[in-house]
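Okay, thanks everyone, I'll keep this short. Have a look at the model on the screen while I get going.

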Amino acid sequence: MATWSAPGKVFLFGEHAVVYGKPGIAMAIKPRVFVTVRNTRHATKAKSPYIDGCFEAMGVVGSVYLNSQIPSSSGLGSSAAVTVATLSAINDEFSLHKTREDIANMAFEIEKTVQKGRASPTDTTVSTYGGIVLISGGSRRRLPPQNIHLVIGDSLVSHSTSKMVELVAELRKKHPEIVDPVLDAIQGVSLAAIHHLSNPRELGRYMNMNHALLDALGVGHPQLSRLVLAARSAGAFGAKITGAGGGGSMIALCPRQLKHRVAGAIEACDARAIITSIDTEGVRKEKNV
C-alpha cells in the first residue's frame, strides 16, 4: 500500500477576479489530506466522485482510505487535496511513473469534470507544488516562500462556489460599469501585494482592501464580516474572505505572538479557528504506519 498527503490552500488575494483573467495569489497551508491506496482485486467504491475519478483516470482498481485535516466545503481546497493525494498514491502503488506535472494536470481535469467545468487550476496547482503561487490568465508562477502566519476562521456556513461565481457574473452583466472597475481594483491590490509579501503590516492593509472589494461584489456574509472584524480587533494586521465567499472561510494575517488571541476571538463568534502557516512541500509520500 502507498500513503500520500497533499495540503489545502487559501487565496491571499484576487479570488473572483481570477475568473476574468486578473491575477490572484494563493498559498498552500499546513492542514493536509492523507490518502492510502492498496492494490486489491476488488475496487471499493469511494463515496467521493473525486476519488472514483482518480481510479478511472489511472485505469486501475483498488481500495482507498482517507483521513482529512481540512474541513470540506470550507473554501480551503479540500477536494483538490483529496484528488492530488489520491492520484499520487495510485501512481506510487501501481508504479505508473506519472510526473508531478502530470498529477497536477490530471487533478485539474478531474475537478473540472466533477464540478461541471467550473474548477480553477489554482487549487490543484497549489496542492501539488506547495508554496505561494501567482495565477495570471493561463499561467502559474511560484513566488518566493514567506513566513506568513495565518489564522483561518471557518464560518461553518456552507456555500457553493459555482453559485457565488454565477452571482458575480450576473451582477457584472447587469452593472458592468460598476463591477468592471471593482475587478480592476482587485487586480491593483493583487499586483501591489506581490511586492510586500515579506511585510506583514503592509500585506494586512492590502487584505483589508481586498475584503472590502469582495464585499462590494456581493460575496460577503454576515458571519464572515463578524469574523473579519473580530480578528482585526484582536490585533490581526488584516483579514479577509478567502475563496468564493457567501459562507466558507476567512483568513487573518497575524503577528506571531497574537495568533492565539486572534483564534480565540474567532472562536468566540461560534466559528472554528485553524492556526496555520505556509506549506512549501506540496504533495508528499508518507511512511505507512
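I'll go through the overall shape, then a sheet, then some helix packing.

Quick housekeeping: this is a predicted model, so local features need pLDDT of at least 70 and side-chain atom pairs count only at pLDDT 80 or more, while totals for chains, interfaces and linings use all residues. Residues are numbered from 1 along each chain as its sequence is written, and side-chain values use heavy atoms, with hydrogens and water left out.

So, overall shape. The protein has 9 helices and 10 strands; those are DSSP runs, H or I of at least four residues for helices and E of at least two for strands, numbered from the N terminus. The C-alpha atoms fill a box of roughly 55 × 45 × 35 Å along the principal axes. For 289 residues you'd expect a compact globule to have a radius of gyration near 19 Å, and the protein has 19 Å, which agrees. That radius is taken over C-alpha atoms, and the globule rule is 2.2 Å times the number of residues to the power 0.38.

Now the sheet. We've got an open sheet of 4 strands, order 7-8-6-9, with antiparallel pairing; two strands pair if DSSP finds at least two bridges between them. Which strands stand at the edges? Strand 7 (238-242) and strand 9 (272-277), each with a single partner, so one side of each has no neighbour in the sheet. The twist averages 25° from one strand to the next. Strand 6 (residues 149-154) pairs with strand 9 over 6 bridges, in the antiparallel sense, and His-149 sits opposite Ser-277 in strand 9. Helix 7 packs on this sheet, touching strand 6, strand 7 and strand 8 (249-253), and its direction makes about 45° with that of strand 7. Contact here means heavy atoms within 4.5 Å, and angles run from 0 to 180 degrees between N-to-C directions, with axes fitted to C-alpha atoms, for helices over the stretch in contact.

Staying with helix 7 (residues 200-216), its axis comes within 10 Å of that of helix 6 (residues 176-193), and they cross at roughly 165°. That makes helix 6 roughly antiparallel to helix 7. The cut-offs: under 35 degrees is roughly parallel, over 145 roughly antiparallel, 65 to 115 roughly perpendicular, and the rest oblique. The helix 6 residues in the contact include Val-182, Ile-186 and Val-189, and among those in helix 7 are Leu-203, Tyr-206 and Leu-213. That contact splits into 11 nonpolar, 1 polar and no charged residues. Nonpolar means Ala, Val, Leu, Ile, Met, Phe, Trp, Tyr, Cys and Pro; charged means Asp, Glu, Lys and Arg; the others, Gly among them, are polar.

Last stop, helix 2 (residues 78-93). Helix 2 and helix 3 (residues 100-114) pack at about 130°, axes 9 Å apart, and are therefore oblique to each other. By class, their contact has 7 nonpolar, 4 polar and 1 charged residues. Helix 2 also meets helix 1 (residues 49-58): the axes come within 9 Å and cross at roughly 35°. Tyr-50 and Phe-55 are among the helix 1 residues there, with Val-82 and Ile-90 among those from helix 2. This contact has 8 nonpolar, 4 polar and no charged residues.

That's me done, thanks.
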